Amino acid sequence: MNIQKEKTNELTNIKNVIAIMSGKGGVGKSSVTSLIAVSLKNKGYKVGILDADITGPSIPKVFGINKKRASSIEDGIIPVKTATGIEVMSINLLIEQEDSPVVWRGPLVANTVKQFYTDVIWGDLDYLLIDLPPGTGDVPLTIMQSLPVDGIIVVSSP
Ligand SMILES: Nc1ncnc2c1ncn2[C@@H]1O[C@H](COP(=O)(O)OP(=O)(O)OP(=O)(O)O)[C@@H](O)[C@H]1O
Ligand SMILES: [Mg+2]
């Protein structure tokens, strides 16, 4: 099956897309994603995190940017930078109140995640880490099928 991969905008150039996934929930995906982001950043790479967990976003809270809001210009959405310069995009940074529930059907959720790849002005990145929701639902399937994923990390419980 040959599925067309999504492309980023003209202001973005991403060298490696890495998805962090798991079969079960609560095994440490978001923690692992954040720790890898910080260690890559410390090594001098340009890093971004795409929080693909739309109904349970946790990346903004990890980095203490959950009170900030992403802004949008004509060319796309500008992600929020952490104190150490990691670019973050999450539904949490778009909704008016960070604790509002996101009660959306699968296709809408999957489209939002795709837009986080295509419409966010990530700029030049060495690594884009994608923090996935658990399991094999709409979002992990959409990411694997429609984004040019270079590698995956599967987090499991012992
Ligand atoms: N290696 C670890 N050792 C101990 N506790 C951990 C470890 N990794 C994560 N935790 C704790 O487990 C909980 C879940 O972690 P995390 O949010 O990273 O999991 P997740 O897989 O992203 O969850 P979700 O499926 O809800 O997105 C958190 O309270 C976190 O502090
Ligand atoms: Mg998580």
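Let's go straight to ligand 1: in this predicted model, the residues around ligand 1 are Gly25, Gly26, Val27, Gly28, Lys29, Ser30, Ser31, Asp53 and Pro134. If you sort that shell by class, you get five polar residues, two nonpolar ones and two charged ones.

Now, which residues offer a polar atom to an oxygen of ligand 1? Let me take three contacts in turn. At Gly26, a polar backbone atom sits 2.8 Å from an oxygen atom of the ligand. Val27 also uses its backbone, with a polar atom there 3.1 Å from a ligand oxygen. For Asp53 the partner is in the side chain, where an N or O atom lies 3.2 Å from an oxygen atom of ligand 1. And how much of ligand 1 does the protein cover? On its own the ligand has 630 Å² of accessible area, and the protein covers 44% of that.

Let's move on to a pair of helices, so please turn your view to α3 and α4. Helix α3 runs over residues 106–118, and helix α4 over residues 138–146. The two pack with their axes 9 Å apart, at an angle of about 40°. Why do we call them oblique? An angle from 35 to 65 degrees falls between roughly parallel and roughly perpendicular, and with about 40° between them, α3 and α4 are therefore oblique to each other. As for handedness, the crossing of α3 past α4 is right-handed.

That's my tour, thanks for listening!

Note on methods. Residues numbered from 1 in each chain as written. Chains lettered and ligands numbered in written order. Predicted model: local features only at pLDDT ≥ 70, side-chain atom pairs only at ≥ 80, totals over all residues. Heavy atoms only, no water. Near = heavy atom within 4 Å. Polar contact = N/O pair within 3.5 Å; in protein donor to acceptor, adjacent residues only side chain to side chain. Areas by Shrake-Rupley, 256 points an atom, 1.4 Å probe, with all protein chains shown as cover. Nonpolar A, V, L, I, M, F, W, Y, C, P; charged D, E, K, R; others polar. Axes fitted to C-alpha atoms, helices over the stretch in contact; angles between N-to-C directions. Helix = DSSP H or I, 4+ residues; strand = E, 2+ residues; numbered from the N terminus. Parallel < 35°, antiparallel > 145°, perpendicular 65-115°, else oblique. Left-handed = near helix turned anticlockwise from the far one by under 90°.
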